There are 2 protein chains.
Amino acid sequence: MITSNAKERTDLAGLTQQHQALLDRAVQALHERTFYSQYPEHPSPAIYGEGADKAGLEKYNQLVGKKFEELQQGYPQTWVGQEESPYEQESLSITYPFYEVDTLIQQGQESFDVWRKLSPLERASVLIESLERVKERFFEIAYATMHTTGQAFMMSFQASGPHAADRALEAVAAGYEEQTRFPETQVWEKPMGKFNIKLNKSWRAVPKGLGLVVGCSTFPTWNTVPGMYASLVTGNPVIVKPHPKAILPIAIVIAELQKVLTENGLPPAICQLAVDPDDKLITKDLAEHPAIKLIDYTGGSAFGNYLESLQGKTVFTEKAGVNSVILDSVEDLDKVAQNLAFSLTLYSGQMCTAPQNFFIPSSGIKVGEEIVPYEQVVQKLAEAITELVNNPKAGPHVLGSIQNPATQQRVSQLQNMKGRSVLDTCEIVNPAFANARICTPVLYEVEASDKDVYSQELFGPISLIIKTRDTQESIEVAKQMALEHGAISCGAYTTDAALKEQIMDQMGLAGTPVSFNLTGGIYLNQNAAFSDFHVTGGNPAGNASFTNPEFVIKRFTWVGFREPAID
Amino acid sequence: MITSNAKERTDLAGLTQQHQALLDRAVQALHERTFYSQYPEHPSPAIYGEGADKAGLEKYNQLVGKKFEELQQGYPQTWVGQEESPYEQESLSITYPFYEVDTLIQQGQESFDVWRKLSPLERASVLIESLERVKERFFEIAYATMHTTGQAFMMSFQASGPHAADRALEAVAAGYEEQTRFPETQVWEKPMGKFNIKLNKSWRAVPKGLGLVVGCSTFPTWNTVPGMYASLVTGNPVIVKPHPKAILPIAIVIAELQKVLTENGLPPAICQLAVDPDDKLITKDLAEHPAIKLIDYTGGSAFGNYLESLQGKTVFTEKAGVNSVILDSVEDLDKVAQNLAFSLTLYSGQMCTAPQNFFIPSSGIKVGEEIVPYEQVVQKLAEAITELVNNPKAGPHVLGSIQNPATQQRVSQLQNMKGRSVLDTCEIVNPAFANARICTPVLYEVEASDKDVYSQELFGPISLIIKTRDTQESIEVAKQMALEHGAISCGAYTTDAALKEQIMDQMGLAGTPVSFNLTGGIYLNQNAAFSDFHVTGGNPAGNASFTNPEFVIKRFTWVGFREPAID
């Protein structure tokens with residue numbers, strides 16, 4: 001099936017001309033870091049066309065129960081698939097082509113010599129073209145995301161569609177910029193007194209080799225495309241190994257990219273989909289293969305640590321973390337409680353940025369000029385959650401459903417822990433999906449001394465209230481948690497400027513971004529492409545930062561060449 | 001002894017104003033990559049002042065046999081030192097203050113909160129000021145380098161003085177640029193239809209923590225200052241642990257930096273010298289200390305691999321490599337032989353960039369339009385070496401002396417290897433130092449199939465001629481050597497443009513820079529700050545690249561903060 005090579009490939013001048021302006025704009029946005037988005041997040045007909053939603057749902061429904069036949073990476077050994085919808089709790093019955101690890105590696109390696117010889121601009125243009133094509137399938141991808149991850153429709157659309165595409169574009173822009181930051185050629189002329197030594201020099205950004213991108217079950221495109229596009233733009237073919245329960249959204253993205261590749265005479269194996277057979281996981285076989293030089297991974301810490309320990313690989317990870325909220329002083333406690341209730345309820349706490357540990361001083365917090373006692377603060381938070389989840393117009397749409405049955409079990413086993421339950425989970429029904437796996441958030445109260453309870457990620461809708469001596473202890477423990485167990489986000493509420501600086505300084509040392517005093521329509525678990533760096537690399541939660549320069553430059557090597565210049 | 005803190009420190013506005021222009025010029029040079037040097041390499045009186053050489057020698061002589069009392073990092077536990085001159089083969093009897101590991105770590109940590117809170121421009125200015133002071137001591141450092149490393153005077157002056165200072169400036173410029181590439185603050189305003197969400201955002205480049213810089217015995221400042229200044233400019237205090245046989249050159253550099261620090265009210269412990277006690281090495285104790293977050297290392301591969309395996313550290317290494325020369329076709333064989341003879345004789349092959357493996361096709365090489373047989377090419381090279389080392393005006397000054405007696409032993413044990421000796425070592429005398437440890441280069445011939453012989457670094461004046469089937473085999477094996485055993489430089493001689501492109505492509509994949517067709521006064525083992533990247537990170541020879549962006553950005557973490565903007 002790999003039929004093309006560099007000599008036969010289509011002239012890419014048209015594509016580069018078409019996308020150069022967008023690429024330059026995206027590079028500029030990287031450095032401005034104000035709001036910038038190429039792919040509008042609102043699924044409105046005005047933007048995406050009348051009937052786009054309905055058409056997307058129909059296309060999704062046509063994919064269910066069939067073979068996914070859009071890939072062009074060669075004849076498969078067999079067909080496999082084991083996705084099931086958290087909303088229906090039944091199998092999607094979609095199967096994907098399966099290839100042996102050696103086949104994937106060999107095809108990837110054959111494509112390397114073609115892909116690495118394109119210019120950074122050519123690669124970036126091919127990749128941007130693929131994003132423009134993916135845009136046409138945002139609704140289809142949204143429904144595919146709903147029925148694999150359990151996200152509600154709005155998050156499925158935004159996270160897997162426009163937000164993911166913006167993050168991919170960000171990685172393309174960053175990779176393009178880094179590869180073009182030094183001159184391709186230069187004359188070096190050194191005065192030696194009576195004569196000059198003159199050399200013609202040139203430099204190449206040499207890609208490291210095959211990349212492996214390992215996806216997670218909750219954000220199958222958002223967490224996959226940054227590494228995938230970062231490896232690709234820097235000249236490395238990739239093999240994408242999605243989570244076996246969340247394949248369809250990224251399969252659609254890869255299919256669109258393969259179409260752009262073949263249309264331009266490039267081998268589709270530059271980006272391959274690798275699925276596990278139904279009886280066996282293949283990620284280790286892929287990761288340990290000596291041809292794999294780059295690994296991007298999102299998922300649990302144990303497997304992430306194993307990947308990081310592999311010799312001879314450059315590994316980017318996003319693993320578990322323990323995210324904190326420090327409550328010290330606020331203007332309006334109701335607004336704060338509503339904001340935090342939304343943050344921890346959103347997609348049932350299944351976001352890597354969701355808050356888990358809420359640090360509240362035993363003496364209470366300052367609200368305006370008053371002190372509100374600890375118990376009352378806890379109660380406010382519990383009430384705000386209860387109100388949100390029981391609001392039929394909001395609750396089901398914020399909660400979504402639970403991707404993995406193990407998350408539900410974790411909630412039900414909480415009662416065996418030290419501490420006291422403040423808010424139990426309750427049964428609510430999604431009006432559209434009677435059989436949806438749903439589990440409302442629980443609040444659990446522990447002492448600051450119960451570190452064994454709260455110094456681990458309790459993935460899902462589980463929040464812990466930690467009673468501290470004072471805000472100084474809150475900061476100290478939140479910092480320690482981040483340094484020892486990782487953190488991806490932090491919320492802090494204080495009206496004291498000195499304390500704010502102290503929190504920035506101390507959480508900064510723990511490599512944790514902090515959102516201060518959020519109320520209203522912005523939440524600490526949201527972050528924006530081209531502005532917020534996602535995962536800093538400064539603590540055990542991972543080193544894959546979307547997208548700082550480190551995320552792209554470790555994917556290639558600068559190599560220089562020189563020769564005497566003949567005058 | 002740590003008496004100052006950020007509040008009491010001198011205003012640094014004078015220094016930043018003084019050095020801003022130089023810093024900007026250096027950043028510009030990083031991206032132009034044409035010839036640029038701040039510190040002239042020629043030790044001429046016109047540049048460095050009448051009598052500067054003589055005064056430097058006198059100052060060096062005054063240091064010999066005494067305690068080195070210029071450091072300001074506190075009262076030492078004791079005094080230690082075991083340097084000896086390869087030219088005299090006797091002890092320098094200089095002793096240095098010794099501090100326990102815990103003392104060094106504690107003092108370093110105390111200084112961290114001061115140093116990290118300066119701006120990148122303030123740190124860069126302090127560091128540039130230290131280089132300007134070091135410049136005043138280049139001759140003293142040159143003699144200190146001669147009598148620790150065995151380098152000849154000219155190399156001692158250039159490598160340890162101006163070239164090292166240029167490399168340090170390069171690291172300062174790169175670190176400054178990377179820390180200022182994103183805005184410190186920005187307003188992020190997202191249109192939401194009926195209203196905008198507006199956040200004030202800020203970002204900080206947060207340093208990782210204490211750095212350890214481990215020096216080598218042959219280039220005590222050149223290989224130490226890039227990592228030292230890269231960690232420092234990014235806000236990380238450093239502990240510099242020189243090789244026990246080559247302390248004085250870097251001790252002078254650190255003393256000058258500590259003077260600048262204390263003059264500006266900053267703790268001298270921001271940069272500390274750590275020497276081994278005479279009966280024990282302390283590098284492992286330092287490296288394994290949890291407070292050490294960054295490690296820079298130059299030296300053997302076994303210890304380098306151990307350092308790279310330490311968890312929770314960011315490690316930059318320059319280890320052993322096997323450098324190749326590929327001979328295919330030339331215009332003037334005599335000129336080529338003279339150039340290569342110089343390259344392998346320079347400092348008796350004790351440079352990390354010195355060539356070791358010379359690949360010559362068994363059918364000979366093309367010289368102009370003629371084919372010169374293999375044997376004749378080998379003979380030419382042997383003759384050029386013999387002529388160079390026996391030229392009393394050149395030989396001793398090119399050879400220098402042998403730093404480590406083990407290097408001399410390695411040469412004498414060569415006869416036990418497979419293969420055939422082409423050129424034996426001979427005894428020559430240095431006219432100025434009758435007792436100098438000298439060993440002229442040996443040439444040894446092996447078959448391409450004798451990989452066990454040539455697939456290792458034979459440090460010192462040992463060159464291997466490897467007889468290959470043809471140039472294709474030469475390229476293939478040179479690439480394999482680099483990929484499997486590391487390489488820092490490569491020389492290639494070909495008049496064929498397609499072959500040249502093939503060598504660039506293939507050695508590029510092996511992360512090895514290539515110098516083509518060098519003759520005359522420029523050699524493959526030389527490389528220039530602000531133009532040649534030294535060590536690419538693309539093969540097992542190490543990942544410390546002087547200075548590409550990766551060498552500095554891994555020393556800090558981008559952390560973002562945000563808060564609703566109040567209109």
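Reader: Which rotation superposes chain B on chain A?
Author: Two copies of a chain are related by a rotation about an axis and a shift along it. The copies here are fitted by least squares on the C-alpha atoms of residues with pLDDT of at least 70 in both. The shift along the axis is 0.0 Å and the RMSD is 0.0 Å, for a rotation of 180°. The two copies are thus related as by a two-fold rotation axis, matching that turn of 180°.

Reader: What kind of model is this, and how are its parts numbered?
Author: It is a predicted model: local features need pLDDT of at least 70, side-chain atom pairs count only at pLDDT 80 or more, totals for chains, interfaces and linings use all residues, and side-chain values use heavy atoms, with hydrogens and water left out. Chains are lettered from A and ligands numbered from 1 in the order in which they are written, while residues are numbered along each chain, as its sequence is written, from 1.

Reader: Which residue of chain B comes closest to the rotation axis?
Author: The distance is taken at the C-alpha atom and comes to 3.4 Å. The residue of chain B with that closest approach is Glu550(B).

Reader: How many of the residues of helix H9 of chain B are buried?
Author: Helices (H or I, at least four residues) and strands (E, at least two) are DSSP runs, numbered from the N terminus. H9(B) covers residues 248–263 and reaches 23 Å between its first and last C-alpha, close to the expected 22 Å (1.5 Å times one less than the number of residues). Buried means under 20% relative accessible area, exposed over 50% and partly exposed in between, with a 1.4 Å probe and protein chains only. H9(B) has 16 residues and is mostly covered, its buried ones numbering 13.

Reader: At roughly what angle do the axes of H6(B) and H9(B) cross?
Author: Axes are lines fitted to C-alpha atoms, for helices over the stretch in contact (heavy atoms within 4.5 Å), and angles run from 0 to 180 degrees between N-to-C directions. The axes of H6(B) (residues 138–149) and H9(B) come within 8 Å and cross at roughly 150°. That makes the pair roughly antiparallel (over 145 degrees; under 35 is roughly parallel, 65 to 115 roughly perpendicular, the rest oblique), in line with the roughly 150°.

Reader: Which residues of H9(B) meet H6(B)?
Author: From H6(B) come Glu140(B), Ile141(B), Ala144(B), Thr145(B) and Thr148(B). On the H9(B) side, they meet Leu248(B), Pro249(B), Ile252(B) and Val253(B).

Reader: Which residue just after H17(A) takes a positive phi?
Author: H17(A) runs over residues 471–485, and among its buried residues are Ile475(A), Val477(A) and Met481(A). The buried residues of H17(A) pack against several elements, including strand S12 (324–327) and helix H18 (497–509) of chain A. Just after the helix, a positive phi of about 90° belongs to Gly486(A).

Reader: Is Tyr347(B) buried or exposed?
Author: Tyr347(B) lies in the loop between helix H12 (333–345) and strand S14 (357–361) of chain B. Although not a glycine, Tyr347(B) has a positive phi of about 50°. Its relative accessible area is 1%, so Tyr347(B) counts as buried.

Reader: What is the relative accessible area of Val535(B)?
Author: Val535(B) sits in the loop between strand S21 (514–516) and helix H19 (549–553) of chain B. Its phi is positive, near 70°, in a residue other than glycine. Val535(B) is buried, with a relative accessible area of 3%.
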